[in-house]
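Hi there,

Here is the structure I promised to pass on to you. Have a look at it first, and my notes follow below.

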Amino acid sequence: MNDYEIRNTIKEVLISCRKEKGISQKDLAEAINSKPTTIASWEQGDSLPKVHDLYHLAKYYGKTIGYMYGEEK
């Protein structure tokens, strides 16, 4: 996967997980000690979560890091 594909995959997974849980970007930001603007940036594909953020996201959603990268269904 190239950079664009990774960014797009993570973006789609993040949006899907958040909607599946039925929470807002603000709710997610509070849960993982981040900012709503950061969550929005990830979901728009403008930036990628850092490794520690991806870890907290995966843990919060009950997923694996592989899932967050789109490697697992």
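**What I found**

Ile-65 is partly exposed, with a relative accessible area of 35%. Please keep in mind throughout that this is a predicted model. Ile-65 sits in helix 5, which covers residues 65-68. Together with Tyr-55 and Tyr-69, Ile-65 makes a nonpolar patch of about 270 Å² on the surface. Ile-65 can belong to such a patch because its 35% is above the cut-off of over 30% relative accessible area that patch residues must meet.

Now to the interior. The largest nonpolar core has 16 residues, and those that touch the most other members are Leu-28, Leu-57, Tyr-61 and Met-68. Two or more residues of this core come from each of helix 1 (3-21), helix 2 (25-31), helix 3, helix 4 (51-61) and helix 5. For Leu-28, I also looked at the contacts beyond four places in sequence: these are Arg-18, Ile-23, Ile-39, Leu-57, Tyr-60 and Tyr-61. Leu-57 and Tyr-61 thus turn up both in that contact list and among the core residues that touch the most other members.

Helix 3 deserves a look of its own. Its buried residues are Ile-39, Ala-40, Ser-41, Trp-42 and Glu-43, and the cover over the buried residues of helix 3 includes helix 1, helix 2 and helix 4.

Which of these would you pick out as a charged side chain? I went for Glu-43, in helix 3 (residues 36-43). Glu-43 has a relative accessible area of 8%, so it counts as buried. What does the side chain of Glu-43 make a polar contact with? The partner is the side chain of Arg-18, at 2.7 Å. Setting aside neighbours within four places in sequence, Glu-43 is in contact with Lys-11, Leu-14, Ile-15, Arg-18 and Gln-25. Arg-18 is therefore a contact of Glu-43 and also one of the contacts of Leu-28.

Lastly, two backbone details on either side of helix 3. Asn-33 is in the loop between helix 2 and helix 3, and its phi is positive, about 60°, although Asn-33 is not a glycine. Asn-33 is exposed, with a relative accessible area of 73%. After helix 3 comes Gly-45, and here too phi is positive, near 80°.

Happy to go through any of this with you.

Best wishes

Notes:
Residues numbered from 1 in each chain as written. Predicted model: local features only at pLDDT ≥ 70, side-chain atom pairs only at ≥ 80, totals over all residues. Heavy atoms only, no water. Patch = residues over 30% accessible without salt bridge, like charges linked within 9 Å, V, L, I, M, F, W, Y side chains within 5 Å. Areas by Shrake-Rupley, 256 points an atom, 1.4 Å probe, with all protein chains shown as cover. Salt bridge = Lys/Arg side-chain N within 4 Å of Asp/Glu carboxyl O. Helix = DSSP H or I, 4+ residues; strand = E, 2+ residues; numbered from the N terminus. Buried < 20%, exposed > 50% of the residue type's maximum accessible area, 1.4 Å probe, protein only. Polar contact = N/O pair within 3.5 Å; in protein donor to acceptor, adjacent residues only side chain to side chain. Contact = heavy atoms within 4.5 Å. Core = buried A, V, L, I, M, F, W, Y, C linked by side-chain atoms within 4.5 Å.
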